Structures are given as structure tokens and as C-alpha cells.
Amino acid sequence: MIGFLVKHPGNGVGRIETEGEVFSVRFFDKPQKLVAIAAENGRPVNLDRFLIGLGSRCVLGKLACIVKGRRPGKGLTEFHKYEVEFDNGRLDEVTEDVLTPEIPAARAVSPLEILLQLQQEGHGIFSCRENLVNIYLQTLRTGVGIPALLASRIDLRPHQAYVAGVVLLDRQQRYLLADEVGLGKTIEAGIIIHDLLSRKAKARILIICPGALTQQWLSEMYAKFAGRICRMPELNGTCRSSQEEEPIILSFIGARERSTQLLAQPWDLVVIDEAHHLLVVPELYKLAKKLSAAAHALLLLSALPAQHRRAGSRQELPGTLHTPDQTGHGT
């Protein structure tokens, strides 16, 4: 085994220099240090044979070369063999005991680079990592929305937590929040917005509401949901800068005036407060319909019960859902 290239979890890559009851290894990134590893059933403890990756630079004597191919040795008796190309273009086949890999500084290696270098680890390690990833994803699914609920600066009512939870657990977040006046539709929408921003910091969010409510939305988002600043383009005459990713709040009039700019943006979430106004303003309804078709998620807020609308006016935006909860309130 003398000359074998090995890898230690703590010391990195090295070469076995002596063997017997103990194995002495000189590690390449610690050239002055010899580490003795006790033997167990003829095998070194905590040491694995190391395969040099394809494309890796190595040194053979005083000549630099690049690994072009390899033939792994069998068991603990054969050397790994490598086909190398020198800087002058000459090809040769050498064994691992005369080849010294250049150990690069620690850096992030992508899965694609690992596969290209044939440095992937065994199936056992892969299975352990796969189980860990599955457990982690299951934990995330179980706790979805919890950070947004806990991080909000409000004391949630049970029905508000229920409504927000129903929306957060749905992959297609397209809902009509139809609670009565004063029951907290803005808070429910704020929780959903806060959850989206916690998962995607640069999410594109558009909030459209009556002009009298724009200041209320600005205050609610800043004071109750982690102090996230929203922009109000009507104050400075612009709709969006490519460098700014804050949620946008617009009045109905401001949205109509900027309809072309709004429809050109890929919105992650569109929120329309007092959505019953859409039924009496055709231009606003058409804008909302186009935004709904293009946006990934949609929230409509209205305090008017659906059954009180005239049958001829009951129009729905594409993909919008209305689901009554156990208390009779809409979610």
C-alpha cells in the first residue's frame, strides 16, 4: 500500500509512506506533518483511497501534466493508473505512486464539476444525503408560513391565522378574501405578502387600492410586517426602476394611468383591495383581468358578500377562488 493516494476527512489528500501496525501518511496540504493512523483488519482507519479527477493538474517529477484518463486498481493491491498529457503534448500512462496532484485552495465545486471529474462518492453516501434532503423538505412543508406568522408585529386572531394558513398552504395562491369590514383582510394579505418576501426577497408585488387607502397600506406594511418599505410611484411620477424591488402601492387611478407599464412587469403577486369596484369600472376590470392572467399569485379583497351582488354582475377573474370557511367568512 506504500505510495497509495488516500483521503482523510480532516487532513485532506496524502500519500502512504510506511505501513505495518501503523500507517504513516504525508498530506499534501501539510507537507511537514506525518500522521500515524492505526490499522484495523489490514486497512487504515479513516482513510479512503483517492482517485484523481479527470482534468486535474498533477506533477510527475518536475514536469506538469493533466489527467486525461484513469484505470482504478483492484482492491488494496493494485495502483490506480492514469493517462496524463504533458505541456509539450506527450501522452503517457503512469501509476499513482509517482503522480502528485496539485491540491487547489478550498472552493465551492458544483455537482456538474464533480461529475465531469468523476469524483462522485458512493451510493451509500448519496442515500444518506437524499434522506437528509427529503427530511429537510418535509420540515419546510410542515412549517410553511410559520416564520411569517411569528415575525409579524401583530396579535393574530384565530380566523386571521386560519385564512392566511389556507392561502399559504396552497401552491396556487389565487383567492378572494371576503371577510366583513374590520375583521382584518389587510392583515391577512400582509401575512401572505410577508411570507413571499421572506422566501423571495426581490419578489415583484403590486398592491392596487382606492386612493384613500394607499397611506393605510403603506403604514400597515411598514409598522406590522418587519418594516418593509413599499414604494408609491404616484408621489414621484415613476412606476419602477430596474434597481428597486420594493412592493408597489398604487391607487385605482394611478393603476389605470400606468396600465402599460404594469402589464409589462412579471408580477409575483397582485393584491387588489376593495375589489368590488372592478365591477363598475370597465377599464379597471380589464386591467385587473390582464394582470390576473399574467401574475403568479392573486389576492382580491372585498367586504361585500358574494350573494348580495346582482346575478348579472357576478364576473370572476381567471383562476380566482372563493372558499367559505367554517365561520361563514370567505377566504
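**Exercise 1. How many bridges join strand 13 to strand 15, and do these strands run parallel or antiparallel?**

Solution. Keep in mind that this is a predicted model.

Step 1. Find residues 205-209 for strand 13 and residues 269-272 for strand 15. The two run parallel, with 4 bridges between them.

Step 2. Pick out one pair to anchor your view: I207 has V271 of strand 15 as its bridge partner.

Step 3. Now zoom out to the sheet around that pair. It is an open sheet of 5 strands with parallel pairing, and the order reads 12-16-15-13-14. At the edges you'll find strand 12 (174-177) and strand 14 (248-251), each pairing on one side only. From one strand to the next, the twist averages 15°.

Step 4. Add the helix. Helix 6, residues 214-224, lies across strand 13, strand 14, strand 15 and strand 16 (297-301). Against strand 14, helix 6 runs at about 160°.

**Exercise 2. Work out the setting of Y175: where does this residue sit, and is Y175 buried or exposed?**

Solution.

Step 1. Y175 belongs to strand 12, which is one of the edge strands of the parallel sheet.

Step 2. Check the accessibility. Y175 has a relative accessibility of 6%, so it counts as buried, the cut-off being under 20%.

Step 3. Look for a partner far off in sequence. L299 is 124 residues away along the chain, yet the C-alpha atoms of Y175 and L299 are 5.1 Å apart in space.

Step 4. Finish with the side chain. Y175 makes a side-chain polar contact with D170 at 2.6 Å.

**Exercise 3. D273 is a buried acid; which side chain of opposite charge is nearest, and how far away is it?**

Solution.

Step 1. Place D273 first: look in the loop that links strand 15 to helix 9 (282-294).

Step 2. Search for the opposite charge. The nearest candidate is K185, at 6.0 Å. A salt bridge needs the nitrogen and oxygen within 4 Å, and D273 indeed has none.

Step 3. Try polar contacts instead. The side chains of D273 and W217 are joined by one of 3.0 Å. W217 falls within helix 6 (residues 214-224).

Step 4. List the neighbours, skipping residues up to four places away in sequence. D273 touches T186, I208, C209, P210, L213, W217, F252 and L301.

**Exercise 4. Trace the antiparallel sheet: what is its strand order, and which strands stand at its edges?**

Solution.

Step 1. Here the order is 10-9-8-7-11, again an open sheet of 5 strands, with antiparallel pairing.

Step 2. Strand 10 (91-95) and strand 11 (100-101) each have a single partner strand, so one side of each lacks a neighbour in the sheet.

Step 3. Walk from strand 7 to strand 8. Strand 7 (residues 57-60) pairs with strand 8 over 4 bridges, in the antiparallel sense. R57 has I66 as its bridge partner in strand 8. The hairpin these strands make has 2 residues between them, and G61 there takes a positive phi near 70°.

Step 4. Carry on from strand 8 to strand 9. Strand 8 (residues 63-71) and strand 9 (residues 81-86) share 6 bridges, also antiparallel. On strand 9, E85 is the bridge partner of I66, and Y82 is that of R70.

**Exercise 5. How many salt bridges does the structure hold? Describe three of them.**

Solution.

Step 1. The count is 10.

Step 2. Take R71 and E93, whose closest N and O atoms are 3.3 Å apart. R71 is in strand 8 and E93 in strand 10, so the pair ties together parts 22 residues apart in sequence. Both ends are partly exposed, R71 at 45% relative accessibility and E93 at 46%.

Step 3. Next, K200 and D268 meet at 2.9 Å, N to O. K200 lies in the loop between helix 5 (185-199) and strand 13, and D268 in the loop between helix 8 (259-263) and strand 15, so this pair ties together parts 68 residues apart in sequence. K200 is partly exposed at 40%, whereas D268 is buried at 15%.

Step 4. Last, E17 and R26 form a salt bridge with 3.0 Å between the closest N and O atoms. E17 is partly exposed with a relative accessible area of 33%, and R26 is partly exposed with 30%.

Notes: Residues are numbered from 1 along each chain as its sequence is written. This is a predicted model: local features need pLDDT of at least 70, side-chain atom pairs count only at pLDDT 80 or more; totals for chains, interfaces and linings use all residues. Side-chain values use heavy atoms; hydrogens and water are left out. Two strands pair if DSSP finds at least two bridges between them. Axes are lines fitted to C-alpha atoms, for helices over the stretch in contact, and angles run from 0 to 180 degrees between N-to-C directions. Contact means heavy atoms within 4.5 Å. Buried means under 20% relative accessible area, exposed over 50%, partly exposed in between (1.4 Å probe, protein chains only). A polar contact is a pair of N or O atoms within 3.5 Å; within protein, one must be able to donate a hydrogen and the other to accept it, and residues adjacent in sequence count only if both atoms are side-chain atoms. Lys and Arg count as positive and Asp and Glu as negative; His and the chain ends are not counted.
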